[in-house]
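Let's take a walk through this structure together, one piece at a time. Keep the 3D view open and turn it as you read.

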Amino acid sequence: MTLVDVGLALVAGGALAGALVIALIPRHVRPLISGLVTAGVGVGGVLAGVGGLSGAAWTRVAPGLLPLGEARLSVDALSGVFLLLVGAVAIAAGIYGIGYTADAPHHENPAGSRTTQATVPLFVASMLFVPAAASVTTLLVVWELMALTSLVLVLTEHRLRPSVRDAGLWYGGMTHAGLVAIMTGLVVFAADAGGETFEALRAGAADLSPAMRSTVFVLVLIGFGAKAGLVPLHVWLPRAHPEAPSHVSALMSAAMVALGIYGLIRVGFDLLGGGPRWWGLLVLTIGAVSALFGVLQASVATDLKRLLAYSTTENVGLMAIGIGAAGVFAADGNRALAGVLMAAALLHALNHAAFKTVLFLGAGSVLRATGLRDLDALGGLVRRMPLTTALFGIGALGAAALPPGNGFVSEWVLLQGLIHSVSEGVAASPVVAVSIPVAVGVVALTAGLGVATFVKAFGVGFLAQPRSTAAATAIESPMPMRVGMGVAAASCAVLAVAPALVGGSLDRVLNVLPEVRDTAPLADSAVTLRLAGIQGSMSPLLITVGLVLSAVLVAVVVRRLAGSAPRRVVGVWANGGPERNSRQELTATSFAEPLTRVFDDVLRPEHDIDVTPYAESAYLIESVTFRQRVPDRLEAAMYPPLLATVESWGRWSRRLANGRVHRYLAYGFIGLLVALIVVAVTS
Amino acid sequence: MSAQETVFAVAAAGIQVAVVVMGAPYLTGLMRQVRARMEGRAGAGVGQPVRDLRKLFHKEATRPEGTSVVFVAAPLVMLASAVFLAAVIPFVTTVAAVGGVSDLFAVVAVLLLGTVALALAGLDTGTAFGGIGASREVTIVALVEPTILLAIFALSVRVGSSDLADIVAGTLASPAHVLSPASLLAAVAFAVVIIAEAGRLPVDNPSTHLELTMVHEAMVLEYSGRDLAMVELAASMRLALLLGLGVNLFAPWGVATTLAPLALLLGIVMLIVKVALVGVALAVLEVFMAKLRLFRVPELLAGSLLFALLAVAASYFLA
Amino acid sequence: MMTGTVMGMLVSRGVLPDGVLHDGGLAATVVLLVPVVVPALAAGLAAVLGWRRWVAWSAVAASAVVLVAGVVAASATVEGSVLAVGGWLRADALTAVMLLVIGGVSVIATWASVGYIDGELKTQTTTARGARRYAILVPLFISTMAGTVLAANLGVMWAGIEATTIVTAFLVGHHGGRRAVEATWKYVIICSVGIALAYLGTVLVYYASQHSGGAAGGEGTLDWSELVAHADRLDPGVMRIAVVLLVLGFGTKVGLVPLHSWLPDAHSEAPAPVSALMSGVLLSVAGYALLRYRVIAVSALDPAFVRTLLLVVGIGSVLFAASLMIAQRDYKRLLAYSSMEHMGLVAIGMAVGTPLAIAALLLHVLGHGLAKAVLFCASGQILELTGTTRMAGVRGLLVRRPLLAAVFALGIAALLGLPPFSLFGSELALARATADAGLAWVVGVTLVLLLVVFVAIARPVAGMLFGPHDDAEHGGAATSRAATSRAARPASSTVPLVLGLVVLVVIGVATPLDGLLVSAAAIVGTR
Amino acid sequence: MSAAVSTQLLDVISGAILLTAVLTLWRRDLAAIIRLLAIQGVLIAGLALLLGINEHNTELYLAALGVLILKAIVLPTILRRVLADSGEVRETAPLVNVTSSLLAAAGLTLLAYVLSGPLVALAPSAATRALPVGIAVVLLGFFMLVTRRRALSQVIGFLLLDNGITTTAFLATSGVPLVVELGVSLDVLLVVLVLQIVAARMRMAFGSTDLDGLSGLRD
């Protein structure tokens with residue numbers, strides 16, 4: 001009876017029993033129970049995760065489950081870290097949900113419906129079993145359960161907006177496309193390896209032909225990439241994340257997306273045990289494109305949750321860069337570096353989960369308080385909802401990869417790994433020499449645009465003056481929501497100042513992967529983050545302390561010099577105008593205008609300006625309205641043509657069933673003749 | 001590292017802070033004076049910025065209605081980040097009291113932190129100017145960032161570390177490297193970066209209040225009294241820091257590698273001299289330069305990015 | 001179907017000591033005769049008394065009896081033993097599985113029929129005569145199918161399948177009117193032709209067996225077990241032609257290309273419960289015939305020949321179904337084409353033919369039967385509610401009828417092969433088996449086609465289920481009339497459907513059937 | 001009778017069966033076609049009788065009797081009634097004109113001979129050598145089903161197909177077991193009855209039995 005047993009038992013039992021109870025209890029108690037159950041399931045996940053990270057291998061076969069297959073579970077360090085991640089997110093989201101799904105005084109909250117409330121814990125549970133699955137059948141079953149439950153949750157508000165239905169369709173379609181790829185890949189893998197348990201796959205992987213190995217890898221890359229939101233399979237994220245209830249968005253964007261990364265690492269680096277260098281390059285390239293494209297879209301987005309969704313694509317892209325580079329260097333035999341990069345990817349997964357949870361929950365609070373997702377209409381929330389603003393700020397700091405935020409730490413490790421790809425006197429291979437600098441450039445550009453993005457999100461969304469009455473009359477969220485965000489923000493802070501806490505665990509995770517086994521890049525990290533094998537050290541804690549100390553010092557000195565007379569509150573200088581009004585403020589659109597202009601060729605925004613003059617004269621303008629849309633160019637380039645092709649195929653096929661019985665019989669007659677002739681000829 | 005050494009190291013850091021805080025305004029003054037003279041004006045004298053600061057510190061601070069804590073905190077954060085950097089960057093000596101704080105990525109990021117704080121403050125005022133300034137500043141930062149990181153990459157390649165102390169020490173150990181194509185290209189890129197970050201011509205004109213052009217000034221428009229003083233001090237410190245960083249990265253001669261008092265003294269002198277020289281040079285250049293249109297700036301930065309990329313490539317192939 | 005558990009109990013409690021069911025024993029006779037006789041009795045009852053509620057319930061009872069018989073047969077044959085009575089009736093594990101399918105689906109369909117016909121009588125959609133004919137034919141239909149799977153002689157099996165065509169002809173035409181007549185004509189003519197071809201095939205098999213010089217000597221035989229015993233001695237030249245004819249012929253009733261075109265018309269015109277029975281059972285009963293012949297074929301011929309033939313019709317059917325689902329506008333036809341698609345999968349499973357593949361396809365047949373029963377009955381209620389089978393005419397169902405819509409949605413989820421429903425398990429196992437047989441490309445192609453199907457079904461169905469419900473959105477005489485005339489069906493009418501879904505989940509998550517499936521697969525599966 | 005005679009008789013009868021089949025494609029007058037069908041029924045019965053005599057097999061006598069009643073009397077009668085009920089034109093309306101139909105018939109017959117190779121090879125004998133006839137009739141029947149427009153002519157096509165199968169059955173196996181044979185005949189009879197009723201309904205619903213009307217169910 002290990003910790004893992006306890007944890008997973010809690011997860012399964014809690015989710016099933018909880019869902020049953022939630023389905024039966026009356027509406028007004030549902031939020032509390034559902035939230036507690038979800039959080040409880042999350043706790044189970046954390047326990048199991050800790051158990052897994054402690055390193056002891058754990059395997060169970062649940063008897064009598066899954067027809068024509070077996071339910072095989074196994075937890076190692078790699079599973080552990082993702083169990084921990086998902087569980088932690090679930091705890092925050094669960095607590096938050098208690099407040100978020102409660103009915104508002106006047107209208108009832110769709111997220112409080114029986115279905116939604118009962119599905120949330122099931123969704124979390126199915127996510128938690130993904131890293132624990134240890135056979136192809138088991139993995140695919142829980143993977144699909146995860147997809148189904150999340151789909152149900154995305155559709156929660158289908159009555160309110162037609163866009164929800166589309167989001168659901170896109171999500172369903174993309175996730176099923178992903179499943180097709182994964183299923184094909186793993187099934188073929190299992191067939192060639194001669195067994196469907198992960199042990200069998202590990203054992204058999206070596207005997208696969210290179211072509212087969214690569215086929216499997218590419219297929220699972222496509223499949224898991226679709227779930228992770230990597231370009232060009234990202235199209236569902238900016239639709240599904242905004243439409244889903246915010247605590248679900250957090251679960252999907254912070255936890256579920258990370259499971260795509262898990263799948264990639266598990267199959268590509270554990271079961272297949274790594275491969276040729278071009279695998280790494282492929283992942284690296286996709287990651288780079290995703291990171292750039294994601295952050296570009298985010299930097300010009302005005303819908304807060306859409307912005308966060310694109311930022312997810314960006315961060316997953318960064319993880320992919322880490323994984324890909326690790327693959328490249330492992331293939332080149334530079335294990336130490338591969339270890340650092342893989343650790344960077346994993347660390348970034350954790351950090352991203354932490355700050356993205358805060359951000360999505362924060363966006364949810366804003367949405368609940370104002371009913372708005374549009375940054376152009378928000379503003380001035382810092383006075384109405386100070387705590388939410390503060391917590392969102394912590395998340396934004398992390399997402400902008402600025403010290404002392406947590407995102408900075410993992411990006412630093414990533415950069416360290418990349419810049420050490422060449423050493424004095426040793427000429428690097430051309431491929432590396434070309435790809436790595438580009439990768440660094442991408443990471444750098446991503447960092448810069450990331451800063452711009454979150455300055456916009458925080459500055460325009462929460463500071464300055466309200467741009468709409470809804471924003472002006474917002475009210476601070478109830479206690480549970482603040483607690484939920486607080487939990488997530490706290491984890492951000494911990495990861496930011498003491499990343500070394502997870503260092504040992506990450507090293508154990510790397511030991512699961514043959515290519516980076518025993519590299520232990522973070523082994524001798526404590527207060528200072530020291531990367532084993534390469535010369536690189538940085539101490540987030542000391543930097544934070546240093547900044548605080550110098551702030552105190554400055555404050556003291558200034559007080560000495562200038563005293564501390566209270567500042568006189570004065571009206572701002574409104575460009576000579578009579579009174580400042582919020583219409584003079586910059587909106588998110590205008591804030592991003594210079595960037596939009598700079599990247600015009602990539603984004604190709606669509607403007608429409610309509611000028612309505614007064615009736616008297618065409619020269620006296622009454623009002624000018626300016627609208628800007630920045631459509632997803634990659635999507636526009638790929639999907640409409642594809643869908644159109646299928647459509648025309650379908651329309652053409654109608655002729656095959658034109659209702660004429662003679663034609664139907666003719667099918668048979670011709671079929672028969674052909675078959676008989678073939679027989680006659682081949683005999 | 002023994003306790004005594006630690007004390008010395010801390011002291012050294014203190015000295016650096018003192019030098020930068022004291023010297024920065026004079027540097028600004030010096031540059032203005034040089035420009036004035038070359039433009040045929042008398043100029044206000046090298047000490048003018050210091051006098052301005054003293055005056056501002058004793059003026060009443062105001063705060064626009066409806067601004068939040070962010071507006072008040074921004075100058076503090078900005079100045080604090082500058083002070084912190086003054087302490088950790090190896091200007092005078094490469095020996096640091098604590099490791100892991102002088103990593104170049106971290107340094108740049110902390111610098112960025114100050115910029116972001118000011119940009120948020122600009123937005124917080126809710127005026128058109130504040131917003132425009134913030135928007136432009138952030139755009140520039142977003143484009144400068146990659147250049148910096150790539151330049152760092154190019155520099156760190158030759159010593160296999162991105163820790164400033166290591167880089168400086170490495171350059172001191174083998175000066176020939178400075179003339180390697182990689183570091184020359186990186187130097188050019190870095191120069192552009194410094195100009196952009198410090199808000200100098202042709203990217204931004206520190207002495208304009210013209211709506212169309214101003215970036216930095218637009219953000220600080222609502223500040224007054226001690227807050228304005230802090231912002232201005234921080235601004236000139238950032239300039240000093242960047243110049244200091246630049247010279248020490250490419251011409252670190254004189255920087256002490258020990259804690260010997262004499263060495264430290266030499267380091268201080270050398271630092272002041274080098275920074276002053278570079279500052280004068282920059283000022284001279286600015287005289288002959290016009291401010292770029294904001295939307296031509298990206299081209300400039302793209303150029304510097306290219307240099308940085310070439311630098312990196314060079315460091316790979318010509319290593 | 002808690003078959004496994006029930007079986008377990010029966011055997012463990014010693015209720016069914018081995019030997020009670022020994023060949024020709026009374027118990028065996030009963031078990032084998034009951035599924036055929038009891039529904040026939042119910043039919044007779046209806047013939048005498050016409051449509052009465054309790055008569056309708058007797059049909060449900062009869063179906064339940066078939067189900068129980070299936071359970072008992074399963075418990076008796078799970079270890080691989082065989083029940084036989086005379087030379088004509090025979091039951092092994094495979095038969096037991098099919099009995100379970102027939103019984104299970106029939107229970108749902110007949111149960112739903114009670115409310116269905118009542119509703120039709122209420123709204124004068126049908127007459128007393130129509131109701132009586134319905135009440136007679138449905139149990140008769142069930143009985144013929146039971147007879148087919150219990151037949152020991154391939155000739156008799158053939159006759160049984162042909163009989164189902166005749167019995168269902170008037171069920172398809174139940175509603176009268178142009179469309180019904182048209183559907184009936186196409187159904188009868190195409191199926192009869194197909195079945196005729198199958199008969200020619202049967203004749204040729206008999207011919208070959210006459211000259212196989214087996215134990216039967218000059219005497220030909222159509223007894224399945226004898227044929228299997230001497231399959232390797234059957235003349236390949238003749239068998240090749242015979243197999244082609246059998247696959248195309250029985251394939252017609254299974255709904256496989258090229259003679260599949262009757263299927264969408266018949267399914268969309270027949271009364272909902274009948275569609276459920278046809279789609280859920282009839283197709284798979286014909287498939288059962290193919291399974292029986294397959295064993296003979298693979299040992300008489302080069303297995304590659306049989307595999308290729310089945311792969312062509314299988315993939316062809318999936319492709320054809322997918323193509324016609326993309327632009328589909330009618331939800332009953334959509335369901336019909338989805339049956340075709342699933343039968344295509346079954347055919348692919350037969351092509352693979354390994355024990356795992358067979359077990360998977362049997363589970364798939366069971367799952368598909370239940371899911372389709374649920375869906376067709378639900379769609380019948382939707383039709384009653386909205387008065388249109390156009391998907392564009394149905395909007396905001398989740399708001400109008402949450403329970404019904406939920407059942408429909410879950411049924412669709414099951415059909416699309418999502419867990420926890422059993423079709424996911426069977427499709428996955430099928431994919432594994434196919435890959436193990438070295439047919440990776442088949443897995444790829446099929447799964448891509450299934451993706452197309454997924455989108456083709458999900459998109460319109462989402463339109464039906466989600467969104468607000470306002471009549472403006474689906475104006476049109478049909479629906480407005482529907483709004484006025486149609487009386488809401490009681491929630492009780494969804495009980496059988498919910499039951500079906502529960503069973504789907506149970507057999508999808510737990511493994512009560514594995515034992516039975518494996519021994520059934522051992523009978524007709526080949527390496 | 002002597003083997004030679006019976007062989008020649010067999011060939012004559014099977015030849016006649018094929019001939020009647022081809023003629024059904026040639027003639028347009030439905031009444032005539034039904035007559036041909038009846039004749040073919042008689043011929044098949046004769047075939048069964050002949051085989052019975054050769055093999056002294058009483059089962060075959062019964063079979064012959066059954067065939068005679070069903071195919072020569074009952075079914076033609078039903079068809080005639082259907083034809084009488086339909087007060088409409090008594091001509092088939094072929095989708096493919098008669099000439100090309102006959103050409104196709106020739107082709108199909110040839111194909112039948114090619115296909116029957118293995119069948120004959122299995123057990124060469126006077127009877128099995130005639131097997132191609134049966135197959136040919138099957139194909140011709142199917143061809144008729146595909147190319148004739150009237151409901152009635154499709155029924156006829158189906159019966160032709162069935163006759164072909166019966167012929168094949170007798171020639172190849174001198175009759176499948178009687179039970180099966182009975183079952184088959186019963187089924188055929190029922191199918192025809194069903195089709196008759198449906199055709200009647202069709203006339204009520206569509207006013208004609210022209211199958212071109214049947215294209216309401218489509219995608």
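Before we start, remember that this is a predicted model. A good place to begin is chain D, whose elements, read from the N terminus on, run α-α-α-α-α-α-α-α-α. In other words, chain D has nine helices and zero strands. Its radius of gyration is 18 Å, close to the 17 Å that the globule rule gives for 219 residues, so chain D is as compact as a globular protein of that length.

You can picture its outline too: along the principal axes, the C-alpha atoms of chain D fill a box of roughly 55 × 35 × 35 Å. Inside this chain, 53% of the 219 residues are buried. Now think about which parts of the chain touch each other. Among the contacts in chain D with a separation of 6 or more, 72% are between residues 24 or more positions apart.

Next, look at how the chains meet. Where chain A touches chain D, the contact takes 13 residues from chain A and 15 residues from chain D. On the chain A side, seven of these residues are nonpolar, four are polar and two are charged. Four pairs of chains touch, and the pair with the most contacts is chains A and B. Some chains do not meet: no contact joins chain B and chain D, and their closest C-alpha atoms lie 56 Å apart. Chain B and chain C have no contact either, with 40 Å between their closest C-alpha atoms.

Let's move into chain A and find a pair of strands. Strand S1 of chain A covers residues 58–62, and five bridges join it to S2(A), with the two strands running antiparallel. One of the residues to look for is Arg60(A), whose bridge partner in S2(A) is Leu73(A). Is strand S2 of chain A, residues 71–75, mostly covered or mostly open? It is mostly covered, as five of its five residues are buried. Both faces share in this: Ala71(A), Leu73(A) and Val75(A) are buried on one side, and Arg72(A) and Ser74(A) are buried on the other.

Finally, we come to the largest nonpolar core, which has 703 residues. Those with the most contacts inside this core include Leu85(A), Val89(A) and Leu251(A), along with Ala151(B) and Leu140(D). Try zooming in on Leu251(A): leaving aside its neighbours within four places in sequence, Leu251(A) is in contact with Val89(A), Ala90(A), Ala93(A), Phe123(A), Val124(A) and Met256(A).

Definitions and conventions
Residues are numbered from 1 along each chain as its sequence is written. Chains are lettered from A and ligands numbered from 1 in the order in which they are written. This is a predicted model: local features need pLDDT of at least 70, side-chain atom pairs count only at pLDDT 80 or more; totals for chains, interfaces and linings use all residues. A residue is buried if 20 or more other C-beta atoms lie within 10 Å of its own, exposed if 12 or fewer, and partly exposed in between; C-beta atoms are placed from the backbone. Helices (H or I, at least four residues) and strands (E, at least two) are DSSP runs, numbered from the N terminus. Two strands pair if DSSP finds at least two bridges between them. The radius of gyration is taken over C-alpha atoms; the globule rule is 2.2 Å times the number of residues to the power 0.38. Two residues are in contact if their C-beta atoms, placed from the backbone, lie within 7 Å. Ala, Val, Leu, Ile, Met, Phe, Trp, Tyr, Cys and Pro count as nonpolar, Asp, Glu, Lys and Arg as charged, and the others, Gly among them, as polar. A nonpolar core is a set of buried Ala, Val, Leu, Ile, Met, Phe, Trp, Tyr and Cys residues joined through C-beta atoms within 7 Å.
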